[in-house]
Amino acid sequence: MKKETRRERIGANVDSKSLFSGLFVGIVLGGGSALLSAPVSGHETRNFVKQYDLKTINHKLSRKGKSAVQEWQEAATEGFEAVDGLTQEMKKTYSRYKDEVEPEVEAIQQQVKEISDSITELNERIRKESE
């Protein structure tokens, strides 16, 4: 097991100090930026907050949440319907392939076999005649 050197321990402390100082500076700058870019004054913001009680806010959020859930359900239903439609089209295409193309493939395979047999027969005749 390697023993940690003093320099490595100092480096670890510097890294944690840098992290905490960076977080602190970020919080201070973020808070200052929020204060300077607020759309209304603090007094107006407090009055706005006083107008709404938690029940009203909770009711609005609940309504928006239910609306979002309903939209997701509709989107999911549309997605399932689209996949089902695609599946049906693929089944029709495969069925058409099976009905139209497979017999042709079988006929071509039969013709290839006949040609191959004919070539084999011709090769045997040629070999017998050359003997």
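**Exercise 1.** In this predicted model, decide whether glutamate 74 is buried, partly exposed or exposed, and find the surface patch that includes Glu74.

*Solution.*
Step 1. The relative accessible area of glutamate 74 is 43%. Partly exposed covers the range between under 20% (buried) and over 50% (exposed), so glutamate 74 is partly exposed.
Step 2. Glutamate 74 belongs to helix α3, which spans residues 54-130.
Step 3. On the surface, Glu74 gathers with Glu71, Glu78, Glu81 and Asp84 in a patch of negative charge.
Step 4. Membership of a patch requires over 30% relative accessible area and no salt bridge. With 43%, glutamate 74 passes the area condition.

**Exercise 2.** State how many salt bridges the model has, and work through the one formed by glutamate 89.

*Solution.*
Step 1. The count is three salt bridges.
Step 2. The partner of glutamate 89 is lysine 92, and their closest N and O atoms are 4.0 Å apart. The cut-off is within 4 Å.
Step 3. Both residues sit in helix α3, three residues apart, which is about one turn of the helix.
Step 4. Glutamate 89 has a relative accessible area of 44% and is partly exposed.

**Exercise 3.** For the salt bridges of lysine 113 and glutamate 121, find the partner, the N to O distance and the spacing along the helix.

*Solution.*
Step 1. Lysine 113 meets aspartate 117 in a salt bridge, at 3.2 Å from N to O.
Step 2. Lysine 113 and aspartate 117 are four residues apart in helix α3, so about one helical turn separates them.
Step 3. Lysine 113 is partly exposed at 47% relative accessible area, and aspartate 117 is partly exposed at 40%.
Step 4. Glutamate 121 is bridged to arginine 125, with 2.9 Å from N to O.
Step 5. Because glutamate 121 and arginine 125 are four residues apart in helix α3, they are separated by about one helical turn.
Step 6. Glutamate 121 has a relative accessible area of 43% and arginine 125 one of 47%. Each counts as partly exposed.

**Exercise 4.** Identify the nonpolar surface patch that contains Leu23, and place leucine 23 in its helix.

*Solution.*
Step 1. The patch consists of Leu19, Phe20, Leu23 and Ile27.
Step 2. Together these residues have about 450 Å² of accessible area.
Step 3. Leucine 23 lies in helix α1, residues 6-36.
Step 4. Leucine 23 has 45% relative accessibility, so it counts as partly exposed. That value meets the patch condition of over 30%.

Note on methods
Residues are numbered from 1 along each chain as its sequence is written. This is a predicted model: local features need pLDDT of at least 70, side-chain atom pairs count only at pLDDT 80 or more; totals for chains, interfaces and linings use all residues. Side-chain values use heavy atoms; hydrogens and water are left out. Patches are made of residues with over 30% relative accessible area and no salt bridge: like charges are joined within 9 Å, nonpolar side chains (Val, Leu, Ile, Met, Phe, Trp, Tyr) within 5 Å. Accessible areas come from the Shrake-Rupley method with a 1.4 Å probe; for residues, only the protein chains shown count as cover. A salt bridge is a side-chain nitrogen of Lys or Arg within 4 Å of a carboxyl oxygen of Asp or Glu. Lys and Arg count as positive and Asp and Glu as negative; His and the chain ends are not counted. The place of a charge is taken as NZ of Lys, CZ of Arg, CG of Asp or CD of Glu. Helices (H or I, at least four residues) and strands (E, at least two) are DSSP runs, numbered from the N terminus. Buried means under 20% relative accessible area, exposed over 50%, partly exposed in between (1.4 Å probe, protein chains only).
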